[in-house]
Amino acid sequence: MPQPVVGRKLPVPPARSGCPINMTVELLGDRWSLIVLRDIMFSGNTHFRELLGGSIEGIASNILASRLAKLVDAGLLTREDDPSHRQKVDYRLTEAAIQLVPVLAQLGAWGAHWLDTAPELTIRAELLAAGGPPLWERFMAELRATHLDGASAPADGVLAELTAAYQSKSTL
């Protein structure tokens with residue numbers, strides 16, 4: 001499990017209690033916030049239209065806009081104007097969001113084990129669970145390079161491996 005980053009705390013609205021689990025659930029526990037973060041992490045999409053069109057759950061545009069704004073306000077995403085197009089905005093993960101990789105991996109592993117999931121959508125969860133912390137660390141390093149440092153996603157990185165596995169299952 002990654003070590004917590006010491007320093008800046010995320011800005012969160014007042015919670016019902018100071019319990020860390022409660023506060024995290026209040027921040028991330030709505031239906032869409034983790035799905036939006038998942039989609040940015042695992043699709044490589046960082047623009048509104050890409051996220052809207054790539055949502056397999058069919059998120060509505062007003063909900064996506066609301067969640068993106070909430071995640072920016074919470075310090076989990078940054079929002080920057082895209083220099084390639086005047087009307088495009090680029091959403092990038094922050095370090096706090098990147099450190100949710102183990103949480104998402106564990107949620108996926110739990111769901112794959114206990115729920116009747118689609119095989120093509122389960123393969124990434126299974127690979128993340130099988131790879132464990134070493135794979136999560138590689139993936140987080142890759143996300144840091146692409147989202148924090150602006151590098152291109154490596155063609156042979158973790159995201160490429162997970163995407164190839166998903167594509168091979170979804171074409172069967």
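The following exchange asks how some descriptions of this predicted model are reached.

Reader: What should be known about the model and its numbering beforehand?

Author: This is a predicted model, in which local features need pLDDT of at least 70 and side-chain atom pairs count only at pLDDT 80 or more, while totals for chains, interfaces and linings use all residues. Residues are numbered from 1 along each chain as its sequence is written, and side-chain values use heavy atoms, with hydrogens and water left out.

Reader: Why is the contact of D30 with R67 called a salt bridge?

Author: A salt bridge is a side-chain nitrogen of Lys or Arg within 4 Å of a carboxyl oxygen of Asp or Glu. The closest N and O atoms of D30 and R67 are 2.9 Å apart, and the pair therefore meets the definition. D30 is in the loop between helix 1 (20-28) and helix 2 (33-43), whereas R67 is in helix 4 (residues 61-73), 37 residues apart; helices here are DSSP runs of H or I with at least four residues, and strands are runs of E with at least two, numbered from the N terminus.

Reader: What makes D30, R67 and K70 a network?

Author: D30 also forms a salt bridge with K70, where the closest N and O atoms are 2.6 Å apart. Because D30 lies in the loop between helix 1 and helix 2 and K70 in helix 4, this pair ties together parts that are 40 residues apart in sequence. The salt bridges link D30, R67 and K70 in a network, and a search of the whole structure finds seven salt bridges.

Reader: Is R67 buried or exposed, and how do you know that?

Author: Buried means under 20% relative accessible area, exposed means over 50%, and partly exposed lies in between, with a 1.4 Å probe and protein chains only. R67 has 16% relative accessibility, so R67 counts as buried. K70, with a relative accessible area of 28%, is partly exposed.

Reader: How do you know that E161 and R138 form a salt bridge, and where do they lie?

Author: Their side chains meet at 3.0 Å, N to O, which the cut-off already given admits as a salt bridge. E161 belongs to helix 8 (residues 158-170) and R138 to helix 7 (residues 119-148), 23 residues apart. E161, at 39%, is partly exposed, and R138, at 44% relative accessibility, is also counted as partly exposed.

Reader: Why is W114 called exposed, and what surface patch does it help make?

Author: W114 has a relative accessible area of 58%, and is therefore exposed. W114 is found in helix 6 (residues 101-114), and together with W110 and L115 it makes a nonpolar surface patch of about 400 Å². Patches are made of residues with over 30% relative accessible area and no salt bridge, like charges being joined within 9 Å and nonpolar side chains (Val, Leu, Ile, Met, Phe, Trp, Tyr) within 5 Å; accessible areas come from the Shrake-Rupley method with a 1.4 Å probe, and for residues only the protein chains shown count as cover.

Reader: What makes strand 1 and strand 2 a pair?

Author: Two strands pair if DSSP finds at least two bridges between them. Five bridges join strand 1 (residues 77-81) to strand 2, and the strands run antiparallel, so the definition is met. L77 stands opposite L93 in strand 2, and strand 2 (residues 89-93) is mostly covered, with four of its five residues buried.
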